[in-house]
Amino acid sequence: MSKPAGPFQLPPLPWAENALEPVISAKTISFHYGKHHAAYVKKLNELVAGTRFETMPLERVIAETAGHPDSQKVFNQAAQAWNHTFFWNCLRAGGGKPSGELARRIDAELGGFDKFKEAFAKAAVECFGSGWAWLADRHGKLEIVAMPNAGTPLASHGTPLLTIDVWEHAYYLDYQNERPKFVAAVIDQLLNWDFAAEQLEKSQSRKAA
């Protein structure tokens, strides 16, 4: 894959394209990452060329453009580029369960792991149209929220811990219109709880600094 022209690059996947099979096929990953994700990065580079956003880290571009209609196009591409990179890291073959501090907080704040799975699936399945379901830490409390289009907790001072992409291109080749099956399979078999715990630890370290 050719290197994008511009300050923002397409990060490599954290696993091989076939690593998530049979839950997510190599064909889906090839299109999702190689076409859709790459297109967001390419378009972002085109939009920021010659602007103040050109020299900013991606997270700052998102923060600076969120909620500003005149920068909506930049926000959309920046957030989608960031969201996808985060999503890939939220997945790993075999999945697992939360442990340590994150497991304790899920028990205390979300009613336990089974309640979390139910609420996370509900947010993902019921997200109208295209969007993302998130587990985030906001002001020291865990929350599950669905956000349409390019929505991300980064835009509202939250710390993302996990996400599921429910744009149709994330699942249609494998599941067609059966979003609930895709969501259930990801939650049961692919969520990377070590990555989520790392995000929580980073968030707590930033607050303590």
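**Entry 1. Helix α2 and its end**

I began just after helix α2, where Gly67 takes a positive phi of about 80 degrees. I note here that the model is a predicted one, and I read every entry below in that light.

I then turned to α2 itself, which spans residues 58–65. I asked which residues of this helix are buried. I found Leu58, Val61, Ile62 and Thr65 to be so. Because these residues cover an arc of only 100 degrees around the axis, they lie on the same side of α2. I next looked up what the buried residues of α2 pack against. Their partners are α1, residues 26–48, and α3.

**Entry 2. Gln80 in helix α3**

I followed α3 next, which runs over residues 72–89 and holds Gln80. Is Gln80 buried or exposed? Its relative accessibility is 1%, so I recorded Gln80 as buried, the cut-off for that class being under 20%.

I listed the contacts of Gln80, leaving aside its neighbours within four places in sequence. The residues in contact with Gln80 are Tyr40, Trp132, Asn149, Ala150 and Trp167. With Tyr40 there is also a polar contact between the side chains, at 3.1 Å.

**Entry 3. Asp137 in strand β1**

I moved to strand β1, made up of residues 131–138, in which Asp137 is found. The relative accessibility of Asp137 is 2%, and therefore this residue counts as buried.

I wished to know which side chain makes a polar contact with that of Asp137. The partner is Arg105, and the contact is 3.0 Å. I also looked up Pro160, which stands 23 residues from Asp137 along the chain. The C-alpha atoms of Asp137 and Pro160 are separated by 6.5 Å.

**Entry 4. Helices α5 and α7**

My last entry concerns a pair of packed helices. Such a pair is described by the angle between the two axes and the distance between them. For α5 (residues 113–126) and α7 (residues 179–189), I recorded an angle of about 145 degrees and axes 10 Å apart. The crossing of α5 past α7 is right-handed.

I then noted which residues make the contact. From α5 they are Lys117, Phe120, Ala121, Ala124 and Val125; α7 contributes Arg179, Pro180, Val183, Ile187 and Asp188. I asked how many of the residues in this contact are nonpolar, polar and charged. I entered seven as nonpolar and three as charged, with no polar residue in the contact of α5 with α7.

Key. Residues are numbered from 1 along each chain as its sequence is written. This is a predicted model: local features need pLDDT of at least 70, side-chain atom pairs count only at pLDDT 80 or more; totals for chains, interfaces and linings use all residues. Side-chain values use heavy atoms; hydrogens and water are left out. Helices (H or I, at least four residues) and strands (E, at least two) are DSSP runs, numbered from the N terminus. Buried means under 20% relative accessible area, exposed over 50%, partly exposed in between (1.4 Å probe, protein chains only). A polar contact is a pair of N or O atoms within 3.5 Å; within protein, one must be able to donate a hydrogen and the other to accept it, and residues adjacent in sequence count only if both atoms are side-chain atoms. Contact means heavy atoms within 4.5 Å. Axes are lines fitted to C-alpha atoms, for helices over the stretch in contact, and angles run from 0 to 180 degrees between N-to-C directions. A crossing is left-handed if the near helix is turned anticlockwise from the far one by less than a right angle, and right-handed if clockwise. Ala, Val, Leu, Ile, Met, Phe, Trp, Tyr, Cys and Pro count as nonpolar, Asp, Glu, Lys and Arg as charged, and the others, Gly among them, as polar. The arc is that of the directions from the helix axis to the C-beta atoms.
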